[in-house]
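Here are my notes on this entry, set out point by point. Please read them with the model open.

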There are 2 protein chains.
Amino acid sequence: MKDVAREAGVGIKTVSRVVNGEGYVGEATAARVRAAVERLAYRRDVSAGSLRRADRRTLSIGLLLGDVSNPFDAQVHRGVEDAAGAAGFAVLSASLDEDPERERELVPTMGSYQVDGLIVMPAGPDPTALQREMDAGMPVVLVDRGVEGLETDSVVVDNQSGARLATEHLISYGHRHIAFMGDRQFLPTARMRLEGYREACWAARAATHIIPDLSNEYLAETATRAMLQASPAPTAIFAAQNLVTIGVVRALRSLGLEHEIAVVGFDDISLGDLVSPAITVIAQDPHLIGKMAAERLLARIGGDTGPVEQIIVPTSFLVRGSGEIPPA
Amino acid sequence: MKDVAREAGVGIKTVSRVVNGEGYVGEATAARVRAAVERLAYRRDVSAGSLRRADRRTLSIGLLLGDVSNPFDAQVHRGVEDAAGAAGFAVLSASLDEDPERERELVPTMGSYQVDGLIVMPAGPDPTALQREMDAGMPVVLVDRGVEGLETDSVVVDNQSGARLATEHLISYGHRHIAFMGDRQFLPTARMRLEGYREACWAARAATHIIPDLSNEYLAETATRAMLQASPAPTAIFAAQNLVTIGVVRALRSLGLEHEIAVVGFDDISLGDLVSPAITVIAQDPHLIGKMAAERLLARIGGDTGPVEQIIVPTSFLVRGSGEIPPA
DNA sequence: ACACTTTATGACAACGATGTCAGACGGTCT
DNA sequence: AGACCGTCTGACATCGTTGTCATAAAGTGT
């Protein structure tokens with residue numbers, strides 16, 4: 001900027017004014033400055049600017065997801081990016097892999113990059129890292145799940161009633177022995193979905209059969225195969241997470257049981273409508289979740305001091321075939 | 001930092017030395033500083049530090065992808081993140097949507113955030129924005145495709161020979177009328193895949209049937225349906241991109257032709273092994289592509305001034321059924 | 001002609017950190 | 001004792017930018 005000022009024969013503050021469009025600069029001077037900027041291929045340094053500016057804004061937000069390559073998380077990511085990008089904010093992202101250790105580590109790291117706010121899909125139940133950041137004045141919005149003891153905005157879906165709906169759907173087709181296969185129980189979403197399943201089973205006086213802690217596709221497949229050896233084997237399965245659903249479908253296929261045993265999944269899966277039978281699911285709208293979280297965060301960054309909000313994004317029920325198989 | 005210095009009763013430079021582990025600090029002093037850091041919940045400001053430091057490093061890299069929510073791109077993203085994270089670098093990412101306009105805009109934006117290097121899946125054929133960045137000393141690594149006229153490292157797959165292999169595979173099963181359905185032809189990868197298809201057809205003296213510029217699933221589905229009305233209709237399809245493959249499969253399914261017409265896809269698709277018939281594909285390893293790109297970039301950031309490298313990541317051929325259907 | 005406002009401009013300090021340098025202290029060698 | 005070295009420490013300038021303020025010129029109202 002000093003160089004540009006010299007090149008244009010003006011003071012550095014005048015260059016600053018032109019670059020930031022502050023006005024109070026003569027048209028002729030401004031033109032000379034713009035020409036110099038062009039000639040020297042000058043580009044403003046956002047971080048140096050934020051250093052001196054009163055609000056310390058860096059026009060960037062941090063995004064901590066479970067795994068950027070999980071289709072659900074990737075859609076959330078895109079939603080955040082769309083909303084943030086429209087407001088001129090850049091997105092710094094990282095994957096936590098549901099590891100509380102990484103959360104403890106990466107939350108302060110994001111802080112040290114001076115992001116203006118943080119969107120987090122929390123990996124653990126421990127609020128201290130995030131609380132510390134919030135105490136330092138950092139706006140935080142949680143997505144997908146909350147953290148007990150942390151008073152801040154969140155964007156979630158109603159996992160419990162979605163799971164209840166899915167289970168009731170199976171019950172309405174005559175099933176009374178429905179297995180629940182879900183993700184790790186320290187995840188609040190997994191617990192809520194289990195709760196919804198339990199509610200529906202109780203109401204129908206159906207037995208419960210719970211297989212938790214399936215953290216990936218492979219474990220889900222193995223567990224499904226093992227479970228179906230038992231007798232009496234369940235006649236239907238509620239698969240409470242996207243990767244679990246894939247594992248279940250894969251196991252049923254390998255046993256040739258995909259047209260005998262009913263399946264309803266939570267979260268849509270790519271090509272779920274093309275396999276045979278097509279997979280009935282409770283679908284979320286992850287792009288919308290990300291977009292709303294980013295909008296909430298941007299409002300907080302902009303100074304919104306209203307009460308803490310919990311935004312619940314609706315789910316939709318996609319009936320496709322696998323969930324409408326009656327018991328044998 | 002000034003506050004920490006006052007709290008600990010030392011000079012700010014001493015605090016800096018402790019925080020950065022520079023040594024030459026007495027143990028007692030260091031302990032007092034660490035205690036003060038803890039008490040005041042102090043965190044170093046990375047960007048302010050980089051301002052004065054000679055190398056201007058911000059320990060962050062920029063990543064410009066087609067679309068962070070495309071499964072292929074998301075895997076690349078994760079590969080980059082893994083390699084960058086291990087070296088202590090943060091990743092600033094954005095989606096270009098194959099729009100050269102956005103590329104012109106976001107490349108300098110990344111520059112103004114002072115990233116130490118840039119990994120780009122280029123959206124357009126125009127090298128100027130990237131060239132300008134490189135002239136300013138920014139290391140750049142291209143992924144998935146190159147840019148003509150830009151002398152820089154790149155990590156790609158051999159699209160041409162992959163496509164040739166796929167086509168030859170169909171020919172070996174007796175097909176002589178194979179349709180090529182591909183993405184927009186301004187994308188180098190799309191052109192290379194078409195070239196590979198052409199080579200194989202020529203060698204076998206088979207007719208070509210080319211349907212380009214299918215930029216999404218829906219267009220691919222519609223085009224497939226239209227094409228199959230023609231007579232004589234092709235007996236096999238080479239679907240040259242992941243979303244195109246999905247569209248093709250969807251169209252065949254809706255016409256009930258999925259067991260009549262052979263399909264080989266380029267890029268693996270999720271659940272491609274579960275649909276019936278399972279989809280034969282040329283699979284890439286996007287995680288590896290991202291990882292290698294990041295490693296190359298980190299080497300350049302670290303001062304590697306060796307000659308420009310083009311890294312070619314091998315593809316693999318997954319034979320699953322859809323590509324082994326003989327012509328009627 | 002006078003006071004007052006508006007527009008245009010640059011000098012300078014400051015943001016939070018690090019590089020440079022100089023100085024103080026204690027120990028070792030001649 | 002004096003020269004010399006290694007360790008430990010802080011004052012100060014500096015990185016690129018913006019906030020504050022002073023100043024000057026031109027315009028406006030009386």
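1. Is A:Cys201 buried or exposed? A:Cys201 is buried, because its relative accessible area is 0%, and buried means under 20%. The model is a predicted one, so this value belongs to a prediction.

2. Chain B has its own entry here. B:Cys201 counts as buried too, with a relative accessibility of 0%. As for disulfides, the structure holds zero over all chains.

3. Next, the DNA. Around DNA strand C there are 28 residues. Those that come nearest are A:Thr14, A:Gly26, A:Thr29, A:Arg52 and B:Ser16. Of the strand C atoms that come within 4 Å of the protein, 59% belong to sugar and phosphate.

4. Which elements supply the surface near strand C? At least two residues each come from helix H2 (12-19) and helix H4 (46-52) of chain A, and from helix H2 (12-19) and helix H4 (46-52) of chain B. H4(B) gives the largest share, four residues. By class, this surface has nine nonpolar, eight polar and eleven charged residues.

5. Polar contacts to strand C. In A:Arg17, a side-chain N or O atom is 2.7 Å from a base nitrogen of DNA strand C. Two other contacts go to phosphate oxygens of strand C. For A:Tyr24, a polar side-chain atom lies at 3.3 Å. For B:Ser16, an N or O atom of the side chain is at 2.5 Å.

6. DNA strand D has 27 residues around it. B:Thr14, B:Arg17, B:Gly26, B:Thr29 and B:Arg52 come nearest. Sugar and phosphate make up 59% of the strand D atoms that come within 4 Å of the protein.

7. The surface near strand D draws on H2 and H4 of chain A and on H2 and H4 of chain B, each with at least two residues. Here H4(A) supplies the largest share, four residues. The classes are nine nonpolar, eight polar and ten charged.

8. Polar contacts to strand D. Two backbones in chain A reach phosphate oxygens of strand D. A backbone N or O atom of A:Met1 lies 3.2 Å away. For A:Asp45, the backbone distance is 2.8 Å. From chain B, an N or O atom in the side chain of B:Thr14 is 2.3 Å from a phosphate oxygen of strand D.

9. Now the pockets. What is the volume of the largest pocket? The value is about 1,400 Å³. The lining has 44 residues, and the closest to the pocket centre are A:Ser69, A:Pro71, A:Ser270, B:Pro71 and B:Ser270. Helix H5 (71-86) and helix H11 (242-255) of chain A, with helix H5 (71-86) and helix H11 (242-255) of chain B, each give two or more lining residues. The lining divides into 16 nonpolar, 14 polar and 14 charged residues.

10. The second largest pocket holds about 900 Å³ of space. Its lining has 26 residues, with A:Ala41, A:Arg43, B:Gly111, B:Glu133 and B:Ala136 closest to the centre. Two or more lining residues come from each of helix H3 (27-40) of chain A, and helix H6 (100-112) and helix H7 (128-135) of chain B. H7(B) has the largest share, four residues. The classes here are twelve nonpolar, four polar and ten charged.

Technical notes. Residues are numbered from 1 along each chain as its sequence is written. Chains are lettered from A and ligands numbered from 1 in the order in which they are written. This is a predicted model: local features need pLDDT of at least 70, side-chain atom pairs count only at pLDDT 80 or more; totals for chains, interfaces and linings use all residues. Side-chain values use heavy atoms; hydrogens and water are left out. A disulfide is a pair of cysteine sulfur atoms within 2.5 Å. Buried means under 20% relative accessible area, exposed over 50%, partly exposed in between (1.4 Å probe, protein chains only). On a 1 Å grid over the protein atoms alone, a cavity is a set of points where a 1.4 Å probe fits but cannot get out, and a pocket is an open set with protein on both sides within 12 Å along at least five of seven lines; lining residues have an atom within 4 Å of a point. Grid points are joined across faces, edges and corners, and a volume is the space filled by probe spheres set on the points. Ala, Val, Leu, Ile, Met, Phe, Trp, Tyr, Cys and Pro count as nonpolar, Asp, Glu, Lys and Arg as charged, and the others, Gly among them, as polar. A residue is near a molecule or strand if one of its heavy atoms lies within 4 Å of it. A polar contact is a pair of N or O atoms within 3.5 Å; within protein, one must be able to donate a hydrogen and the other to accept it, and residues adjacent in sequence count only if both atoms are side-chain atoms.
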